[in-house]
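The following exercises invite the reader to examine a protein model step by step. Each task is followed by a worked solution.

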Amino acid sequence: QVQLVESGGGLVQPGESLRLSCAASGNMFSINAMGWYRQAPGQERELVATIGRGSTTNYADSVKGRFTISRDNAKNTAYLQMNSLKPEDTAVYYCNANVRIGAILNKDYWGQGTQVTVSS
């Protein structure tokens, strides 16, 4: 089994920054892509950013230029640096990892979520 543990959420004012972390642990060969998703009340979960094992990144248009995703493969950890936060960034942020758990078997895992609230 693989576990993803997120940390770093909180309450900040508009324009401030937060850094989220997602640490993966458990039985796995390697981690393929990792990503961050978010879900605001009454809305569907949406992609925020993804990063491949080779560090190729992809961002939602709404966060381009403000958020930066990165990863440390040695620590099995992904990060999301969020700058210039806006009230509309308020949501529960979830970490996702596509993990190689067998010779030819990959599986998606999700963290429990961390709340980010941007409010004055």
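The model is predicted.

**Exercise 1. Determine how strand β1 is joined to strand β3, and how β3 is joined to strand β8.**

Solution. Begin with β1, residues 2-7, and β3, residues 18-26: six bridges join these strands, which run antiparallel. Within this pairing, Gln3 stands opposite Ser25 of β3. Next, turn to β8, residues 77-82, which runs antiparallel to β3 and is joined to it by six bridges. Here Arg19 has Gln81 in β8 as its bridge partner.

**Exercise 2. State the order of the strands in the open sheet that contains β1, and identify its edge strands.**

Solution. The open sheet consists of four strands, in the order β1-β3-β8-β7, with antiparallel pairing. The edge strands are β1 and β7 (67-72), each of which pairs on one side only. On average, and with direction ignored, neighbouring strands of this sheet are turned by 15 degrees against each other.

**Exercise 3. Find the disulfide of the structure and determine its handedness.**

Solution. A search of the whole structure yields one disulfide. It is formed by Cys22 and Cys95, whose sulfur atoms are 2.0 Å apart; the cut-off for a disulfide is 2.5 Å. The two cysteines belong to distant parts of the chain: Cys22 lies in strand β3 and Cys95 in strand β9 (residues 91-100), 73 residues apart. The torsion about the S-S bond of Cys22 and Cys95 is about -80 degrees, so the disulfide is left-handed. Are the two cysteines buried or exposed? Both Cys22 and Cys95 are buried.

**Exercise 4. Classify the aromatic pair of the structure.**

Solution. The structure holds one aromatic pair. The ring centres of Tyr37 and Trp110 are 5.1 Å apart and the ring planes stand at 65 degrees, so the pair is edge-to-face; planes over 60 degrees apart receive this label. The pair connects distant parts of the chain, with Tyr37 in strand β4 (residues 30-39) and Trp110 in strand β10 (residues 106-110), 73 residues apart.

**Exercise 5. Establish the exposure of Trp110, and name the residues whose charged ends sit over the rings of Trp110 and Phe29.**

Solution. Trp110 has a relative accessibility of 39% and therefore counts as partly exposed. Over the ring of Trp110 sits the charged end of Arg45, 4.7 Å from the ring centre. For Phe29, the residue is Arg100, which lies over the face of the ring at 5.4 Å from its centre.

Definitions and conventions
Residues numbered from 1 in each chain as written. Predicted model: local features only at pLDDT ≥ 70, side-chain atom pairs only at ≥ 80, totals over all residues. Heavy atoms only, no water. Pairing = 2+ DSSP bridges. Buried < 20%, exposed > 50% of the residue type's maximum accessible area, 1.4 Å probe, protein only. Phe/Tyr/Trp six-rings, centres within 6.5 Å; stacked < 30°, edge-to-face > 60°. Lys NZ or Arg CZ within 6 Å of the ring centre and 35° of its normal. Axes fitted to C-alpha atoms, helices over the stretch in contact; angles between N-to-C directions.
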